[in-house]
Amino acid sequence: MKCPFCGCEDSKVVDSRPVEEGNRIRRRRECITCLKRFTTYEIIESAPIMVIKKDNSRELFNRDKLLNGIMRSCEKRPVSLNEIENAVSEIEQQIENSLNREVTSTYIGELAMDKLKNLDEVAYVRFASVYRQFKDINTFMDELKKLLNEK
Ligand SMILES: [Zn+2]
């Protein structure tokens, strides 16, 4: 980031804050040479994440799809939209942090189940039943028992 006063290429960040709405960040920088301060607006670059599906095909990670899936599980449950949004953001963050540009749908599902387990047990079981596509009632019961035993 070039200093607008002396043209020096080096500056240090003294303050960063996200700009409301959108993925921009406002930074206060101080030039290392002339010590003058200036402000930059930087765009946070988010590299696309590919999801590997069970049949090995790939699609772009879609936040809305995940949000909808979780919302469906939480229907008529005492879970607020805000809590759901937060859960989805945390999952997104976890994927980002894993630094993998390709993640399996199974991994995302596991992350979602982890969140739901803490939010609402009914929603969790609903999500798990869709997600894991329980083959029969026994596997479903096993999952329920596991859940109850963890308490
Ligand atoms: Zn300067």
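**Entry 1: α1 and α2**

I started with the helices and found that α1 passes α2 in a right-handed crossing. I note at the outset that the model is predicted. For the geometry of this pair, I read that the axes of α1 and α2 come within 10 Å and that they cross at roughly 135°. That angle makes α1 oblique to α2. The oblique class takes what is left once angles under 35 degrees, over 145 degrees and from 65 to 115 degrees are set aside.

I then looked up which residues make the contact. On the α1 side I listed R63, L66, L67, I70 and M71. On the α2 side I listed I84, A87, V88, I91 and E92. Sorted by class, the residues of the contact of α1 with α2 are eight nonpolar, no polar and two charged.

**Entry 2: α1 and α3**

Next I took helix α1, residues 63-73, with helix α3, residues 105-119. I read a packing angle of about 40° for the two, and their axes are 12 Å apart. The angle makes α1 oblique to α3. α1 passes α3 in a right-handed crossing.

Which residues of α1 meet α3? I found L66, I70 and S73 in α1, set against I108, A112 and L116 in α3. The contact of α1 with α3 divides into five nonpolar residues, one polar and no charged. I marked L66 and I70 for a second look, as both are listed in the contact with α3 and both are listed in the contact with α2.

**Entry 3: α2 and α3**

I closed the helix set with α2, residues 81-98, against α3. I read that their axes come within 10 Å and cross at roughly 145°. The crossing of α2 and α3 is right-handed.

From α2, I noted E83, A87, E90, I91 and Q94 in the contact. From α3, I noted I108, L111, A112, K115 and L119. How many charged residues does the contact of α2 with α3 have? I counted three charged, beside six nonpolar and one polar. I108 and A112 of α3 are in this list, and I had already written both down for the contact with α1.

**Entry 4: the sheet β5-β4-β6**

I turned to the strands that α3 touches. I found an open sheet of three strands in the order β5-β4-β6, and its pairing is mixed. Which strands stand at the edges? β5 (58-60) and β6 (102-104) do, each with a single partner strand, so one side of each has no neighbour in the sheet. I read an average twist of 35° from one strand to the next.

I checked one pairing in detail: strand β4, residues 50-52, runs antiparallel to β5 over three bridges. V51 stands opposite E59 in β5. I then placed α3, which packs on the sheet and touches β4 and β6. The direction of α3 makes about 65° with that of β6.

**Entry 5: the sheet β1-β2-β3**

I moved to the other sheet. Three strands form it as an open sheet, in the order β1-β2-β3, and the pairing is antiparallel. Here β1 and β3 are the edge strands; each has a single partner, so one side of each is left without a neighbour in the sheet. The twist from one strand to the next averages 30°.

I went through the two pairings. Strand β1 (residues 11-18) and strand β2 (residues 24-31) run antiparallel and are joined by seven bridges. I noted P18, whose bridge partner in β2 is I25, and K12, which stands opposite E30 in β2. β2 also pairs with strand β3 (residues 37-43), in the antiparallel sense and over seven bridges. I picked two bridges here: R26 has Y41 as its partner in β3, and R29 has F38.

What lies between β2 and β3? I found a hairpin with five residues between the two strands. L35, in the turn, has a positive phi of about 65°.

**Entry 6: domains**

Last, I looked up the domain assignment. The assignment gives domain 1 as 11-43 and domain 2 as 50-149. I read a separation of 37 Å between the C-alpha centres of domain 1 and domain 2.

Methods. Residues are numbered from 1 along each chain as its sequence is written. This is a predicted model: local features need pLDDT of at least 70, side-chain atom pairs count only at pLDDT 80 or more; totals for chains, interfaces and linings use all residues. Axes are lines fitted to C-alpha atoms, for helices over the stretch in contact, and angles run from 0 to 180 degrees between N-to-C directions. Helices (H or I, at least four residues) and strands (E, at least two) are DSSP runs, numbered from the N terminus. A crossing is left-handed if the near helix is turned anticlockwise from the far one by less than a right angle, and right-handed if clockwise. Two residues are in contact if their C-beta atoms, placed from the backbone, lie within 7 Å. Ala, Val, Leu, Ile, Met, Phe, Trp, Tyr, Cys and Pro count as nonpolar, Asp, Glu, Lys and Arg as charged, and the others, Gly among them, as polar. Two strands pair if DSSP finds at least two bridges between them. Domain bounds come from an automatic or database domain assignment.
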